[in-house]
Amino acid sequence: NSECDDVGDDDNEGYYWGPDGILDGLIGWENGKVKWSDPPSGWESCVKVTTVFGAAVCVSEKAWETSPEISEQIVHVYYQLLDNDADGVADDAAVLSYLVEYGWLIWIPA
């Protein structure tokens, strides 16, 4: 799907964010709630973005218009997958590092 190929593709040799990347420093959680942001330039397939421990989540316009609540729930499930013991730290640092370093993301199409 060409729309999938466009998500986060900023011609950075396959690295889309992470240390010194374009989503680095994006606040994904604030006061115990998901904090949504407008996507950076080049993320035309996303209308909102957030991060979970630095791992990106991108929501399409159709998904956001259909139900922001479902997008919110998906992010909460992703958070729980990464931090199942709910101590505020990702349970497997190697998995998280891989997700961030290699630009993996959760894309919510609709």
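Let's start with strands β3 and β4, which run antiparallel and are joined by five bridges. Strands count as paired here if DSSP finds at least two bridges between them. The helices (H or I, at least four residues) and strands (E, at least two) are DSSP runs, numbered from the N terminus. One partnership to look for is V49, whose bridge partner in β4 is C58. The two strands make a hairpin with two residues between them, and F53 in that turn has a positive phi of about 55°.

Before I go on, a word on where this comes from. This is a predicted model, in which local features need pLDDT of at least 70 and side-chain atom pairs count only at pLDDT 80 or more, while totals for chains, interfaces and linings use all residues. Residues are numbered from 1 along each chain as its sequence is written, and side-chain values use heavy atoms, with hydrogens and water left out.

Back to β4. On the β5 side, β4 pairs with residues 105-108 in the parallel sense, over four bridges. There, V57 stands opposite I106.

So how many of the five residues of β4 are buried? Five of the five are, so the strand is largely enclosed by the rest of the structure. By buried I mean under 20% relative accessible area; exposed is over 50%, and partly exposed is in between, with a 1.4 Å probe and protein chains only. In a regular strand the side chains alternate between the two faces of the sheet. Here A55, V57 and V59 sit on one side and A56 and C58 on the other, and both faces are covered.

That brings us to the nonpolar cores. A core is a set of buried Ala, Val, Leu, Ile, Met, Phe, Trp, Tyr and Cys residues joined through side-chain atoms within 4.5 Å. The largest one has 15 residues, and those touching the most other members are V52, A55, V57, V75, Y78, L82 and L96. Strand β4 (55-59), helix α3 (68-82) and helix α4 (93-101) each supply at least two residues of this core. There is also a second, separate core of seven residues, with L23, W43, C46 and W107 among them.

Y78 is a nice one to click on. Contact means heavy atoms within 4.5 Å, and beyond its neighbours within four places in sequence, Y78 is in contact with V52, A55, A56, V57, L99 and I106.

Now α4. Which of its residues are buried? They are L96, L99 and V100. These three cover an arc of only 90° around the axis, which puts them on the same side of α4. That arc is taken from the directions from the helix axis to the C-beta atoms. As background, an α-helix has 3.6 residues a turn, so residues three or four places apart point the same way. Among the elements covering the buried residues of α4 are β3, β4 and α3.

Staying with helices, S71 lies in α3. S71 is buried, with a relative accessible area of 1%. Leaving out residues up to four places away in sequence, S71 touches W36, V59, A63, W64 and I108.

For the chemists among us, there is one disulfide, counting any pair of cysteine sulfur atoms within 2.5 Å. C46 and C58 form it, with their sulfur atoms 1.9 Å apart. C46 is in the loop between β2 (33-34) and β3 (48-52) and C58 is in β4, twelve residues away. The angle about the S-S bond is -110°, making the link left-handed. Both C46 and C58 are buried.

Last topic, the aromatics. Rings of Phe, Tyr and Trp (its six-membered ring) pair if their centres lie within 6.5 Å; planes under 30 degrees apart are stacked, over 60 edge-to-face, and the rest tilted. The structure has four such pairs. One of them is W29 with Y79, edge-to-face at 4.7 Å centre to centre and 65° between the planes. W29 is in β1 (residues 29-30) and Y79 in α3, 50 residues apart. W29 is partly exposed at 23% relative accessibility, and Y79 is partly exposed at 24%.

Then look at W36 and W64: their ring centres are 5.1 Å apart and their planes at 70°, so this pair is edge-to-face. W36 lies in the loop between β2 and β3 and W64 in helix α2 (residues 61-66), so the pair ties together parts that are 28 residues apart in sequence. W36 counts as buried at 17%, whereas W64 is partly exposed at 22%.

And to return to F53 from the hairpin turn: F53 forms one aromatic cluster with W29 and Y79. Thanks, everyone!
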